[in-house]
Amino acid sequence: EWDRWLLMGLIGTAVGMLGFLMHQIIDSLIKLKWDLVENYLQVSKRNGTWSMGADVVIYLSTGQDGNIHMTWLCALGSGLAMVVLSSGSVLFFCPAGSPSGLPEIIGYLNGTSIQHLFNIKTFLGTFISCVLAVASGLFCGPEGPMIHLGALLGCGLSQLQSDTLGVHLPIFTRFRNSADKRSFITAGAGAGIASVFRAPIGGLLFTLEEVSSFWDIRLAWQTFFCCLMATFTTDLLSSSLYGFVYRGHFGFFEAEKRIIFWNLLDMNVLAFVPTILLGMLGGLLGALFVSLNIKLNKLRMQFFNSIPKLSLRKTSKLLETVLILVISCVPLVASLGSGRNFLALEVGCIFSFPCSSEQGSAAALLVENGKRGITYLFKRGTHEEFGYTSLCTALAFYFILSCWTAGSAVASGLVIPMLYTGALYGRIIGLILVSIFGVQTNKYGAWIDPGLFAAIGAASFFSGVSRLTISLTVIMVSMLS
């Protein structure tokens, strides 16, 4: 069995490298986009006020310089270019890559044959589409496509043959059967989750709970090893690159800062009351989200199937993704007016538009990419940074637009939107508790923190949509500890 373990390690290492590469490209594209935006924007820091602490800084000023209309035109134009390329890559290059790939992987592992699901064109098209879709500003994440890409690597590295390239290597031929192929695809899918969340146990439990119906104890240990290698590789590359870029020494490991919980938090029995409420709310909103998404996708299929010409049908699907991105920018564009106040986020990119404090907070939540926005919402000790209006506005937009985006013609995932949506209403519940009990500074009242309930709300909505329990708990603990 040494060759099977060797292949599992190679698959995990390859998936970890791919996860690292994907996140680096996404971050680079986002930075490039806002570097272009900053060419038209110059921020005056005179007569202004700062808020939100050292990590997340909002700057409100009474004056502005630069061309605000060109700023937004550049931001919207770069996003549209990415969306067109993202949607085009799955519509015209690899139709099997749309939208997330996870349902197709589950279907395949449970006996359904899907054409072109595991070829090189699908791999390239899914990767390009996912990277561009997330960087463009759509309300989506890379998790679903990363599971698909992990399964693709599991299939390709275990079979070592490609009909597209005409390659048939004469090694590991004993694994070229449906049962072993299915096992390596299962391990690759789990490694994809492990790489994204840095949670090897979560990746294993996810494949057991959600993906595969064919399981044994040997496959469990091998999948866990594959997930460990994926997590180790991603962490190794991320830490080494961080040290090289920011410290000037390759291989320097930076102690990773988790989202909120660096120390255990003493809890109060009263905390179970809002937690139960959040669990019920997550179930109800999760069921509503799934129901709306199913109906929306049925309407989408009926509309596009009514178009007889294939090229026109694909063009219509592409235009739908463009429309989603344009509507996603409505809250920000609506902020443009005759006022002179503006908001800037000192987090590597700067945004400027006339706004009130509540408008600015809502726009800040909607402007930021989902991963960074979740970090803001989970932040502890920020009891009064976001008001009810900004949170409710962001919740309404994010819920509707993420539901619409899921199933559109781009390779995209739902995990980041699920966590973000749950964090928004969780923080609202936390604000209600702060309004009732006030800001607590002693250790017995430290549980009354909007950041804490944002994390609980994120888990509740994730569970309500995905119906995951055990693996989700492990993933959330890995994220927050």
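Reader: Which helix gives the most to the nonpolar patch?

Author: The model is predicted, so that local features need pLDDT of at least 70 and side-chain atom pairs count only at pLDDT 80 or more, while totals for chains, interfaces and linings use all residues. Residues are numbered from 1 along each chain as its sequence is written, and side-chain values use heavy atoms, leaving out hydrogens and water. The patch covers about 640 Å² of surface and is made by F93, I120, L124, I128, L165, V167, L169 and I171 (nonpolar side chains within 5 Å are joined, if the residues have over 30% relative accessible area and no salt bridge, which is a Lys or Arg side-chain nitrogen within 4 Å of an Asp or Glu carboxyl oxygen; areas use a Shrake-Rupley 1.4 Å probe). Three of these residues, the most from any one element, come from helix 4 (a DSSP run of H or I with at least four residues).

Reader: Is I128 buried, partly exposed or exposed?

Author: I128 is found in helix 4 and has a relative accessibility of 40%. Buried means under 20% and exposed over 50%, so at its value I128 counts as partly exposed.

Reader: Which residue lies in the loop between helix 16 and helix 17, and is it buried or exposed?

Author: The loop between helix 16 (450-466) and helix 17 (470-480) holds R467, whose phi is near 65°, a positive value in a residue other than glycine. Most residues other than glycine have a negative phi. Because its relative accessibility is 52%, R467 counts as exposed.

Conventions: Patches are made of residues with over 30% relative accessible area and no salt bridge: like charges are joined within 9 Å, nonpolar side chains (Val, Leu, Ile, Met, Phe, Trp, Tyr) within 5 Å. Helices (H or I, at least four residues) and strands (E, at least two) are DSSP runs, numbered from the N terminus. Buried means under 20% relative accessible area, exposed over 50%, partly exposed in between (1.4 Å probe, protein chains only).
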